[in-house]
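User: Please take a close look at one part of this chain and tell me which of its residues are buried and what they pack against. I am in my first year, so please explain each term when you use it, and then go on from there to other parts of the chain.

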Amino acid sequence: MPLARPSAPIPEAAWTSGFREMTEPWKGAVGCLGVAVFFAMTIGIISWQALEQPPEEWVLRGRAGGVLWERRRGALLLRALPEGRTAAVVAVGGSVPATEPPPPRDRCWHDGRQFCYAWEEDAELRLSLEPPPAPATECYSVRWTPLRPDVRLKDCFSMANVSWYGGASTRAQRWPLNGAESPAQPFVSSDFSKKPAGYGPVLERYFLGSTGVTVTVAPAVPLLLSLESNKHFCLGTPAGGAAVPLRYQLCISPDVAAAHRHVGSQLGGQERALPDTALLGLPIWRYHGPEGSAAKIRRGLRSWAKRLKRHHRGSLAGDSPGDPELYVRWLQIMTFLPVMAFSTPPWLCCDTWVLNLTRRCIQRHRDFVVPLLMKYSEEWLSLGYPIFRPAWWLSPTDPTAFTIEDEFLIGDEVLVAPITEKGQTWRDIFLPGEGQRWLDTNTARVFDGGTTLTNYSAGLTEVPVFVKTS
């Protein structure tokens with residue numbers, strides 16, 4: 001027999017009247033509990049969203065690499081694919097609040113090759129995937145547009161785990177430029193005698209990283225450059241006047257040598273021409289002839305000097321008559337440069353043995369160095385590759401090669417490792433090119449590439465020179 005349901009109406013809930021009858025302390029306790037629950041739920045939702053959002057997010061992706069947004073630093077990461085190595089870290093925006101959440105994809109037209117985001121009332125960032133200059137290299141255009149006249153843009157490129165080259169010449173030149181220090185200043189040439197802290201006569205709107213990344217700024221872009229030793233270098237827009245966009249191109253290649261071949265070597269365009277090669281075979285002494293001829297010689301020297309790209313130190317006429325050792329060591333370096341130029345002849349500064357050594361160096365320059373220069377000049381004309389090359393040209397993935405500043409290659413086949421410290425008759429020598437073999441022209445000994453010769457002997461009359469045999 002089924003249970004009978006009560007037909008009487010449901011009595012009024014007693015909890016409302018009970019709450020009204022609560023004492024004030026109990027009411028306060030219940031209110032505090034409600035507030036605590038509200039805050040706990042809010043924190044939980046925020047934490048859940050933070051955990052759900054990855055610390056990095058792809059914003060533009062190609063075949064050889066891509067650009068990610070890193071939330072913690074508000075930075076763009078240029079990353080190589082498929083191995084996923086980070087080639088560059090760029091802290092972007094300067095005064096723009098770049099640490100906001102990653103830019104949404106729906107703020108501008110987007111077809112997989114372009115991405116943009118506008119920080120309200122501050123600036124707009126636009127990234128574009130550019131046509132590749134070579135099959136293994138990928139390039140991205142970066143354009144910042146300020147939305148107010150008072151916005152000053154600055155992008156800083158980290159030096160952590162990256163050796164950087166290029167940029168401007170400084171009074172205390174560094175190779176790589178990681179050890180350089182300079183406040184933000186216009187990217188223009190200055191006279192070191194009048195402005196020691198300024199930038200010198202060699203300026204390149206091109207920066208090359210040991211990870212295979214390049215940064216190129218167009219000539220028309222007004223630019224400030226600052227260098228903070230072993231931390232970063234920054235590209236910025238000048239203050240005052242109208243708002244100025246900041247534009248540059250980021251490229252990534254398999255390694256540093258490939259990056260320079262594909263990007264840096266092509267910056268000068270295809271219109272290349274050699275200077276007067278008649279200057280190569282003969283030494284140049286202090287000149288007192290007609291003004292026009294002297295100017296011609298100076299123009300030729302300057303043109304050749306630009307080809308060196310700061311792979312050596314000093315001046316083509318930097319010998320000192322008061323120090324025979326310095327004179328000899330500089331003479332040994334000058335033997336392997338395009339032009340042998342003397343501000344002081346050896347017969348006015350030194351003993352007979354220095355004069356005889358000078359004759360041998362001039363002969364070696366004419367018979368050994370000049371043919372190499374002519375050979376690799378043709379390569380420069382056709383491909384844009386430099387005649388004088390750093391050690392990493394043959395060891396593009398060896399970290400040891402990235403900081404070698406006192407050796408240089410002539411083409412791919414001759415390594416010169418001069419003595420640059422006073423009183424030394426030995427030095428450490430890095431031989432680039434793992435799997436290759438190098439012959440010491442002084443001793444006829446053969447060594448393996450990719451190794452370092454420690455405390456290698458080099459007397460005052462010797463300069464270590466190695467020729468690649470395989």
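Analyst: In helix H5, the residues Tyr-327, Val-328, Arg-329, Trp-330, Leu-331, Gln-332, Ile-333 and Met-334 are buried, where buried means under 20% relative accessible area, exposed means over 50%, and partly exposed lies in between (1.4 Å probe, protein chains only). Helices (H or I, at least four residues) and strands (E, at least two) are DSSP runs, numbered from the N terminus. The model is predicted, and local features need a pLDDT of at least 70, side-chain atom pairs count only at pLDDT 80 or more, and totals for chains, interfaces and linings use all residues. Residues are numbered from 1 along each chain as its sequence is written, and side-chain values use heavy atoms, with hydrogens and water left out.

H5 covers residues 324-334, and because 8 of its 11 residues are buried, the helix is largely enclosed by the rest of the structure. The buried residues of H5 pack against helix H6 (346-349) and helix H7 (352-383), and contact here means heavy atoms within 4.5 Å. At the N-terminal end of H5, Asp-323 acts as a cap, with a side-chain oxygen 3.2 Å from the backbone nitrogen of Glu-325.

H6 ends at residue 349, and Cys-349 is joined to Cys-350 by a disulfide with an S to S distance of 2.3 Å. A disulfide is counted as a pair of cysteine sulfur atoms within 2.5 Å. The torsion about the S-S bond of Cys-349 and Cys-350 is about -85°, so this disulfide is left-handed. Cys-349 is buried at a relative accessible area of 16%, and Cys-350 is buried at 15%.

A search of the whole structure finds 3 disulfides. One of them joins Cys-139 to Cys-251, with S to S at 2.0 Å. The torsion about the bond between Cys-139 and Cys-251 is about 110°, so the disulfide is right-handed. This pair links distant parts of the chain, since Cys-139 belongs to strand S7 (residues 138-146) and Cys-251 to strand S15 (residues 246-252), 112 residues apart. Cys-139 is buried with a relative accessible area of 2%, and Cys-251 is buried with one of 1%.

A disulfide also joins Cys-156 to Cys-234, with an S to S distance of 2.0 Å. Here the torsion about the S-S bond of Cys-156 and Cys-234 is about 105°, so the disulfide is right-handed. The pair again links distant parts of the chain, with Cys-156 in strand S8 (residues 154-158) and Cys-234 in strand S14 (residues 232-236), 78 residues apart. Both Cys-156 and Cys-234 are buried.

Cys-156 also appears among the residues touched by Phe-233, which include Asp-155, Phe-157, Met-159, Trp-164, Leu-177 and Phe-207, when residues up to four places away in sequence are not counted. In the largest nonpolar core, which has 46 residues, Phe-233 is one of the four that touch the most other members, together with Trp-164, Leu-235 and Tyr-248. A second, separate core of 31 residues includes Leu-280, Cys-349, Val-369 and Val-414. A nonpolar core is a set of buried Ala, Val, Leu, Ile, Met, Phe, Trp, Tyr and Cys residues joined through side-chain atoms within 4.5 Å.

Strands S7 and S15 bring us to an open sheet of 7 strands, with antiparallel pairing and the order S5-S6-S7-S15-S12-S11-S9. The edge strands, S5 (114-119) and S9 (164-168), each pair on one side only. From one strand to the next the twist averages 15°, with axes being lines fitted to C-alpha atoms (for helices, over the stretch in contact) and angles running from 0 to 180 degrees between N-to-C directions. Within the sheet, S11 (residues 203-209) and S12 (residues 213-216) pair in the antiparallel sense over 3 bridges, and two strands count as paired if DSSP finds at least two bridges between them. Phe-207 has Val-215 in S12 as its bridge partner.

On edge strand S5 sits Gln-114, which counts as buried at 17% relative accessibility. The side chain of Gln-114 makes a polar contact with the side chain of Arg-126 at 3.3 Å. A polar contact is a pair of N or O atoms within 3.5 Å; within protein, one must be able to donate a hydrogen and the other to accept it, and residues adjacent in sequence count only if both atoms are side-chain atoms.
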